Structure formats: C-alpha cells, structure tokens
Amino acid sequence: MTTTDPSTESDLAIAPGSVVVVRDEEWLVRETEQTADGLLVHVQGLTELVRDTRACFYQSLDDIRPLDPRAARVVADDSPRYRRSRVWLDSMFRRTPLPLADPTLTVSTRALADPLAYQRTAVRKVLDPSNIRPRVLLADAVGLGKTLEIGMILSELVRRGRGERILIVSPRHVLEQMQREMWARFALPFVRLDSAGIQQVRQKLPATRNPFTYYKRVIVSIDTLKSDRYVAGLQQQRWDAVVIDESHNLANSLTLNNRLARILARNSEALILASATPHNGRKDSFAELIRLLDPAAVPAGGDLPRDAVERLVVRRHRHSPEVAGVVGNDWAERLPPNNILIPASPAEDAVAHELADRWLFPGPGGSPYSGARGSLFPWTLAKAMLSSPAALAETIQQRLQRLDDSADAEAERHALKNLGKLTADAVREPSAKYLRLVQHLRQIGVGRGSATRAVVFAERIATLKDLQKRLPKDLGLTDDAVRIMHGGLPDDQQQDLMESFKQAGSEIRVLVTGDVASEGVNLHVQCHELVHYDIPWSLIRIEQRNGRIDRYGQRESPRITALVLEPSHERFRGDLRVLARLMDKEHEAHTALGDVASLMGEYSVSAEEDAIRDVLAGEGSLDEVVRPVEDVIDGDDLASWFADFDFEGAPDAAVTGGDSEDDRGTGLYREEIDYLDDALRAGPFDPTGPAAAGGVQWTMDRDFGVAQLVPPPDLVQRLEVLPQTYLAERRVTEKLTLATTLTRGKDRLTAASADRDGSGWPDAHFLAPLHPVLDWAADRALATLGRNQVFAVRGTVQNPTVLLLGTLTNRRGQVVATGWLSVEFPDAGTPSFGLVTTHPSAAEALRDLGLAHERSNPGPVADATGLQQFIGPAVDLARSTMSGTLDAAAVRVAQVVEERSKRLARWEFEADALIQRSAVKQQRTGVRQEQELVAAMAPDRQLVRPLVVVVPDEEGRL
C-alpha cells in the first residue's frame, strides 16, 4: 500500500478511538490509512451483530459516517458506584492510542520482567520524538536481554497504535523461545510459522493466499522467509513493526538475507534490528545496516557518519557502567577460565606424532595430500583429531571416498590408511580427554540423583554422537539424561530440546551440542557449567558459546571449562597451547570491551579460523593476530568507534526525575484485575454464572493473586494463534487462569521451568496491560452504550461540566497529540457560556472532576436529557480551545517533519551527481519512499468528542 498525494486525502473527521456507522452497524476505528484507492478504515465491531469482528472499509466503496459529537445523547449511569461509566471511560482511554511522540514508558514497565534502567534507556531512544519512524539497532553484547528490550519496545508501539501488524524474524531454533517470551512476559500473542506452523497454515488457506495477510502478528525464521516463494507476498504486505534478530547476517548486499531485509525495511514503519556482533569491521558493510534503518543516514556515495551511528545504535556490555550498576546478583560474575591441559593417551599420542611429522610439518617433501591448496587439509585432520578420534576417523573415511586413481592419490591413500589404523586404535581405547571430561563432570556434581547440569560443546557431529553414546553409562545416567543437538535436526526437534533443557523437571543432565546452540539460545536457567570439549579456532565462536550461560538472570557464577589435549610432540604441543590462550583472550575482551571480534578484526568465524590455523602452522604469532584490548580502544577503525561511542540514548526518567510509568493511565483502577473485575460485572449478566446464563464462571482470589474464567468464543478467537500444544496442555480455551499480581506471575513463570510435563509455558498467565482478555473486556464495555451516547454522573463539580477528549492526527490517521478538557456551565440558562479548563492528563482531569475514586450512586441523575443542551456548546468551546493547544503540538511535529524533509532533500542533492551508480539508484528509491512517509506524518486534522457529563454530587464520596 502506498500513501497518496495529500491533495487527494479525505476530510472524514475520524481518528483511532472514534465510532463510525457503516452498513447500519457501529464500529470502533482502530487505524486509518491513505492508499492508492483512497481512505482505508480498519475497524472492530461494537454492535451485537458484528461484535468483535475485524473489518476494513474503503471510503470510496462504503458510506462511512462518523457520529456527530455535538449530537451525542446523555443517559444517566444507574449502576452501583457508577461502575458502567468508570469502565466505559477507562476502556475508551485504553482504546485511544497514546500520541506518537509521547516519550513516557507505560505498558512496558508493567510487564512480567524487571525493566532495568539500561533497558528502559533503549526503549526511550526508540520513542524519541525526533524520530519520524521508530528504528534502532540493538547491539548490546551477549546476555544483556535484547529479547526483553524488543518486547518492551513492541509493547510501547502497540500502545501508540503502531503495532497492529508485527513481524519477528529470528533463527529457527529460537522461534518458540521468542514466542513464549512475547506472550508470557508482555501478553503479546504471535503465531509461530516454523515448519509445522506453515503446514497448518497451508491446510487452512488456499494455496494462492498469502499467509501474512491472515495473521497480524507473526514469528518466522529467516531461512523460511527469504525463500523466493514469499518474496512477491512480502513486497505487497505492509507491517507496523518488523524485528530482525541476529541481524549481522544482513549486511552483505548480495545475499538473500539482505534482499529480504530491504523488502521488510521498505514496507515497515518501525524496524528493530538486533545483534551482539553488529559489524564486520568494514564501514561500508555496516553502512548497509544503517541504511536499512534510515536510507538518508549515510550520504550517497559518502562515508559512514559517526552521529548517524550514535543516533540509531544502542550498544552496552556486561561491564558498562550503566549495566554493571544495576544487574547486581541477577548476573553473577563469570569465573576465570578453567583451562585443563590433558596429556594424550599412548594411542592418541601416536596419532598426534603421525599427524605432525607426516602431515602438518612434513619437511621438504610436503604432505601426502594430493588435492589443491595442500596446506589446508592437514589442519582439517588436526582439527578433527582435537575434537575426538571418532571425528578424525570420519574425516579420513570421507577423504578416502573422494580420492581418484592417480599416482598422487594413491600415495595419499596409503598415508591416510596408515593414519586411519592409528586412529582406529585410539577409537578403541578410552580417550584421555574423554576420561578427563567424565572426571570433571563428576567433580561438579553431574550424576544420578543430582540436579547439576552441564552444556558440552563440540564442533563435529561424530564427536557429539560418541559423547552421547558413552556418557550415560560412565556417569551412571539414563540414556535420556544425555541428549544431543546439532544443525541436522529438524527445527521443531531443536526447539523441543532447548525448551526441555530449561525445565527443572527435565531428565536432561548433559546437553552435548554443536554450535547451532551458540547463537540466541538461553541455557542459563538451570545451568552454570559449560565445557568446550574442543576449543573453536575463533574468538567469536567462543564468545557465542559462553554467552549461552553467561547472561542476565544467571545467579550462579558461570564456569567455563576448556579441555586441551597435549600430545608429547614438542612442536605440536606448543602450537596447541595457543588454543588455551584464546580462552584467556576472550575472557579479557569480555570484561573490557564486551566484544571479542574486534581483537582479531576479521568479524567472521571462518576468517578467524583461517588466521588461527596460520598461527598453528607457524606462519605468525598469536600476538600478531590478536590485538591487545588497549590497541582496540586507541585505534581509528569501526571497532574503536564502538569502544568509544556513547550509545546509551535518552536518560531514564527514573534517574532524571521525569514522569513515571503511571502518568498516562486514568487513575480509575489501581490494578488491571480491578478493571477486569468491574468490566465483567458491568455487563447485563452475572459473570460468575455459566455460559448458558451469559456468564463466564468468573472467580477471583485477590489474596492468592489468581483469577479464572471460561473464555467465550470471541475471546478464544484472540488466543488461537498461540501454540496448540500450549492451549491443549494448559487447557487455556476451557478455563483461562490469570496471575493477577507481579509476584504471582513470576512465581508461575518460575514454576513453568520446573514443570514435570516439560512445558515451559506458565499455567497461570500474567495479566499484563496489553493482555487480550483486557482488550476483549474493553470492547465489550464500549458496546454497552447506545449509539452516540455519553453517561451522566455525579462528581465534585460546582456546576454541570462536560469532559472531552481532543486528538490531533496525521495523514496516516495516527494520533499526534491529545488534550483533555472540561467545560463548566455556571448558568444552566445560558449554555452558550462555558468555562474551559485544560488538564495535563486523563488522570488529572478525572481527579479534578471527582471521578478518580469510587463514589456511591444514590440513583440515576435526574433529568439527564436536560443536560443535552450542554453537549453542542461544550464541543464548540473545546474545539476553539483545542485549536490553540493542538496547534502548539502541531508546530512541534511540523518542526520534526521539516528537519527530516531537509535531510532527505540534502541527500537527494548529493545523490544527483551519482545517479548512474546502481547502488545509489537503489538507495534513492528508499529515500523517496521516506519522503512520502514524512509528508504523511504531518498533522492533518483535529477531533473533539465528549466523554461524560458531570453534575454536582450532593451525597458525597464514600
């Protein structure tokens, strides 16, 4: 969808939260947008026939009639303690998006998490009013909780009406982890389109139907999404927000990953990239990531500007002052590296000598390798041997199968068979390294009847299989207690293994895994012991592995153990000690920089492995290849930028004394459960009754912090995107159990990790502010009033007073500013004269009118229809006053739009001289799309609507 020319736009006076009549039914406006076919209005049904139905109407095709606020009819609220009007007012507030530029953190700080100051800082940076579009690269180091930051950002975007359609792209083995975090902590339900999920979608939809138009919030793997079969559909699909995890895989402009990222960046308003390794040392490559966030941030054909990086990137690590000062005991300090040198067994030593003398350091005749690039394969053999004799045997066999009948190949075949015989002896005998692993695991407490767990990393699948086969017997464990994971397993099996290992009730005590588990997977919940059975020849890979247990939430000091085989061959042994020094280098960089990739400057696992292989081959020293930390800090490359930049963003309100997270609420209800209970009881039926009587079997235990209800069909529909296994195991659609306090929510989430049935999903779901049950209750409450009606209630006013809400929207229908006004009429006989008061917030407006607290209701306000005379004048006076109030907001927004427009125009001017370059042409397309978006963000129309009429209360407050 594309934005039209402003001259063609509709003057229809609606905004999110407005009520319109279409096809003789009432609808709540959720979003509006200008398209090539005119104004498109996204709505949700309010009246009985269409209640909870989502629909879209084009103004050009349907008669869309907004209710005239001046004609609103006044009805008295006769409910106990004015329950109906209180619920209706709070529901209207919930359904009215916060202004785009409102920097206050609201819903994200009340989710099921411990929002730390540095995480709030990242969210505030995204919400900065100077940003036309919320875009950021979350480049925090491994373990700081980027997933929580993502959830917080998305929550705030949803509250501002910028998160109706969200796409999260992540590695396939963490799809369920991401889905569960979004739901369990932030109450954001996403459908997971892994291999099983896609199959289910195909069964539901016609083959030609784009699944991304069916679901509004989706989590999918990048490997799935980059397929050609989805490109056409994605190019036509607009998203409010896109999240791409592990985004360092996007930088190469020639890859399918980058193609996918460019499509998504163009078709999304908000874009969140996340990566602990955000750059590869090349400014031109990193500039590609920055262009995804802001097409005009990098001058056409120019250098990467530092200020653009600081504006768009957040980067901290474990020992950054902002982080170290708040993580406390929730992130225990890592112990120094535990490097264990292990003398090789006689059989292993024989293999090592044969490898060293015949293959690695053969002298003038060279190695027997007959293929091209003869210096590489011998070290492939060495790397396999350092993993395990089983891995070396497999490597030898694979090479033998590829040899031809040439004389050179025959010589190599002879040498390989000789090495293979020695390796077979080593396979039959207990490996010294394996025996030391068993000893170490026993020493740390792994064994029958013990809860201690360990993660054992190895590169080769043959090694993993060998460990899985031997460890159960030697540790006195069952076969199910030692599990294997590698990239060859289907994605659903990988996810199941990851989830099981996190469960306290899981049988798994040792997880032997390849490096598929080294990125994005959280293994720290039940484990603080990690073993490198073989040491990667890459600092990046070492850091990625270590980060699985060394991360926020780890309360035990993580111990990293590396097993280093030490043969008697003098030269080979000396070279292998280099690997132990790599562990020390990684630990030093982890503490000082939070970034190990900058030490070698290769920014690629394979490139680092090549460099370390050269060191092992005697073609350089480790100190030449791995820079000291001080050199990184003092350099002038991209690594030094990251070491020196201020990436922290806006200061946190908790530190500066700014607004708290409660400032944007109504103040009518202290807790979400109070609102939900009132909303259920405000209806015409007893909520505690059965479905047949209109109830939901509602029960609530305030002291225990738990509530339950039987979800009706319209609520079940909102939950069906969650995993069917979760819905079935927890019987969510039969009885929804809610944890109504933060303490109870954390308790049930912790208990889920100890669940014996293997489910990591909590049995009682935390009632976060964005929970679907609250949305459902709000929609029900808004439908209780008749067409274009407002309540009359009593309050602490001297004269009849009308409370109104004014909104300023942009051409995209998004709320730019809001104003809360009350109009007092001191002379009932002269309704044309009113005194207007502007209130800073909804809470203060309700407090000033005496509505913030429960009041007794002695009965319906007398002659409510007589109050009708004040509605029209109140709307007129409010509009007049709002013009000045909202004009000031419009000026502020216009200034941001103008500044952004100037920057885009400057980019265009600089690009004119480079128009023949294809890369610049592609960048120009993105810039011009940005210009269209900027034009659409300009303030466009004002809307004022009455909310409630308040008369003097002669009975008084309870």
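**Exercise 1.** In this predicted model, find how β20 and strand β21 (residues 706-709) pair, and over how many bridges.

*Solution.* Begin with the two strands themselves: β20 and β21 run in the antiparallel sense and are paired over three bridges. Next, look at a single position, where Asp701 has Val706 in β21 as its bridge partner. Then place the two strands in their sheet, an open one of four strands with mixed pairing, in the order β20-β21-β22-β23. The edges of this sheet are β20 (699-701) and β23 (765-766), each of which pairs on one side only.

**Exercise 2.** Determine whether Glu529 is buried or exposed, and which residue its side chain meets in a salt bridge.

*Solution.* The relative accessibility of Glu529 is 2%, and because buried means under 20%, Glu529 counts as buried. Its side chain meets that of Arg559 in a salt bridge, at 2.5 Å from N to O. This pair links distant parts of the chain, since Glu529 belongs to strand β18 (residues 529-532) and Arg559 to strand β19 (residues 559-566), 30 residues apart. Arg559, at 27% relative accessibility, counts as partly exposed.

**Exercise 3.** Work out which helix gives the most to the negative surface patch.

*Solution.* List the members of the patch, which are Asp584, Glu588, Glu630, Asp631 and Asp634. Both α20 (570-592) and α24 (629-634) supply at least two residues each, but α24 gives the most, with three residues. Asp584 is found in helix α20 and, at 39% relative accessibility, counts as partly exposed.

Notes. Residues numbered from 1 in each chain as written. Predicted model: local features only at pLDDT ≥ 70, side-chain atom pairs only at ≥ 80, totals over all residues. Heavy atoms only, no water. Patch = residues over 30% accessible without salt bridge, like charges linked within 9 Å, V, L, I, M, F, W, Y side chains within 5 Å. Areas by Shrake-Rupley, 256 points an atom, 1.4 Å probe, with all protein chains shown as cover. Salt bridge = Lys/Arg side-chain N within 4 Å of Asp/Glu carboxyl O. Lys, Arg positive; Asp, Glu negative; His and termini not counted. Charge placed at Lys NZ, Arg CZ, Asp CG, Glu CD. Buried < 20%, exposed > 50% of the residue type's maximum accessible area, 1.4 Å probe, protein only. Pairing = 2+ DSSP bridges.
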